[in-house]
Every structure is written in structure tokens, then in C-alpha cells.
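Hi everyone, thanks for making time for this one. Let me put the structure up on the screen, and then we can walk through it together.

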Amino acid sequence: MMEEIIIYGAGKAGERAYESLRNSKRILFFVDKDCQKQGSGKCKGLDVYPPDKLSEYINTKVVIASAHYIEILNEIQTFSLNDISIFQEHLLRVVNADVQEQLNYRTIDLGSLLIKQKSMNVGEL
């Protein structure tokens with residue numbers, strides 16, 4: 001049985017998280033505070049609910065897919081969620097062949113990666 005998750009963020013980052021995770025996780029629905037994005041089948045064919053829906057799913061993993069993840073973490077802390085992750089899609093852009101094997105084993109030396117990517121500034125991470 002696949003792990004069930006909820007994606008917080010029904011924008012472009014949420015859509016990318018969905019595409020990245022849909023084969024390995026059972027995505028229940030999306031959450032977004034933007035009322036315009038909420039509704040039945042609104043994002044990748046799944047429902048989009050307001051954040052207060054999370055209070056009904058405190059034991060389900062929530063994956064935050066948004067550049068505003070710090071603000072979102074502050075907003076949802078009152079729900080006492082047990083499992084929260086941040087989808088760090090921007091790290092995927094800096095991966096090259098030298099670190100692909102390490103990523104497959106879920107370990108990576110970020111210091112070495114950043115040294116290899118000398119032209120990248122910290123603001124891009």
C-alpha cells in the first residue's frame with residue numbers, strides 16, 4: 001500500500017510535486033489558502049481544500065510545495081500535524097551526474113554540490 005499524502009500548494013510547485021510523487025505516493029488532495037484555487041477537481045483532477053481541512057488529517061503526511069513554505073509552516077502549526085515535509089524542487093535543478101547516485105541512496109553532500117556549482121548564489125537555493 002502506498003503512503004498517503006496531502007500536497008499543500010495548488011500552484012505550479014504543487015503540480016510539479018504531484019508529477020514527481022504520484023507514482024510512489026497516494027495523493028489524497030491538495031490544500032491551498034487561495035479561494036480561487038479551491039474546489040472539486042481543480043488541480044490535476046484532485047480536489048483543493050482550504051488549510052483548515054488539515055485538522056482532519058493530523059496523521060497524514062503533508063508535503064508543502066511552495067516557495068512560501070516558512071509562512072505556511074507558521075500557519076499550519078496549530079493543527080498539530082505529525083508529518084510535514086517540504087518539496088524542495090529547486091534542488092533538482094542543480095543536480096548533475098556526479099551526485100545522481102548519491103541522491104538515489106537519499107544522501108548528498110550539499111557542501112560539495114555547492115562548490116561544484118560555484119556560479120550559483122545562495123538565493124537561488
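Let's start at Ile27. Leaving aside residues up to four places away in sequence, Ile27 touches Ile5, Ile7, Tyr18, Leu21, Arg22 and Leu46. Please keep in mind that we're looking at a predicted model.

Where does Ile27 fit in? Ile27 belongs with Ile7 and Phe30 as the residues with the most contacts inside the largest nonpolar core, which has 15 residues. Four elements each supply at least two residues of this core: strands S1, S2 and S4, plus helix H1, which covers 12-21. H1 gives the largest share, 4 residues. There is also a second, separate core, this one of 11 residues, and among them are Ile6, Val31, Val62 and Ile76. As background, nonpolar side chains in soluble globular proteins tend to be buried together.

Now over to the charged residues. How many salt bridges does the model have? The count comes to 8. I'll pick out a few of them.

One is between Lys25 and Glu3, with N to O at 2.9 Å. Lys25 sits in strand S2, residues 25-31, and Glu3 sits in strand S1, residues 3-8, so this pair ties together parts that are 22 residues apart in sequence. Are these two partners buried or exposed? Lys25 counts as partly exposed, at 23% relative accessibility. Glu3 is partly exposed too, with a relative accessible area of 31%.

Glu3 also forms a salt bridge with Lys61, and here the closest N and O atoms are 4.0 Å apart. Since Lys61 lies in strand S5, residues 61-64, and Glu3 in S1, the pair ties together parts that are 58 residues apart in sequence. Lys61 has a relative accessible area of 19%, and because the cut-off for buried is under 20%, Lys61 counts as buried.

Another pair to look at is Glu75 with Lys33, whose side chains meet at 2.9 Å, N to O. Glu75 is in helix H2, residues 69-76, while Lys33 is in the loop between S2 and strand S3, so the two ends join parts that are 42 residues apart in sequence. Glu75 is partly exposed at 31% relative accessible area, and Lys33 is partly exposed at 45%. Coming back to the earlier residues, salt bridges with shared partners join Glu3, Lys25 and Lys61 into one network.

Last topic: the backbone. Most residues other than glycine have a negative phi. So which residues go the other way here? Lys44 is one of them, with a positive phi near 55°. You'll find Lys44 in the loop between S3 and strand S4, which runs 46-49, and at 37% relative accessibility Lys44 is partly exposed.

Ser80 also has a positive phi, about 55°, although Ser80 is not a glycine. Ser80 is in the loop between H2 and strand S6, which spans 84-86. With 49% relative accessibility, Ser80 counts as partly exposed, because exposed would need over 50%.

If you take away a picture, let it be Ile27 among the residues with the most contacts in the largest core, the network of Glu3, Lys25 and Lys61, and the positive phi values at Lys44 and Ser80. Thanks for listening, and I'm happy to rotate the view for anyone.

Note on methods
Residues are numbered from 1 along each chain as its sequence is written. This is a predicted model: local features need pLDDT of at least 70, side-chain atom pairs count only at pLDDT 80 or more; totals for chains, interfaces and linings use all residues. Side-chain values use heavy atoms; hydrogens and water are left out. Buried means under 20% relative accessible area, exposed over 50%, partly exposed in between (1.4 Å probe, protein chains only). A nonpolar core is a set of buried Ala, Val, Leu, Ile, Met, Phe, Trp, Tyr and Cys residues joined through side-chain atoms within 4.5 Å. Contact means heavy atoms within 4.5 Å.
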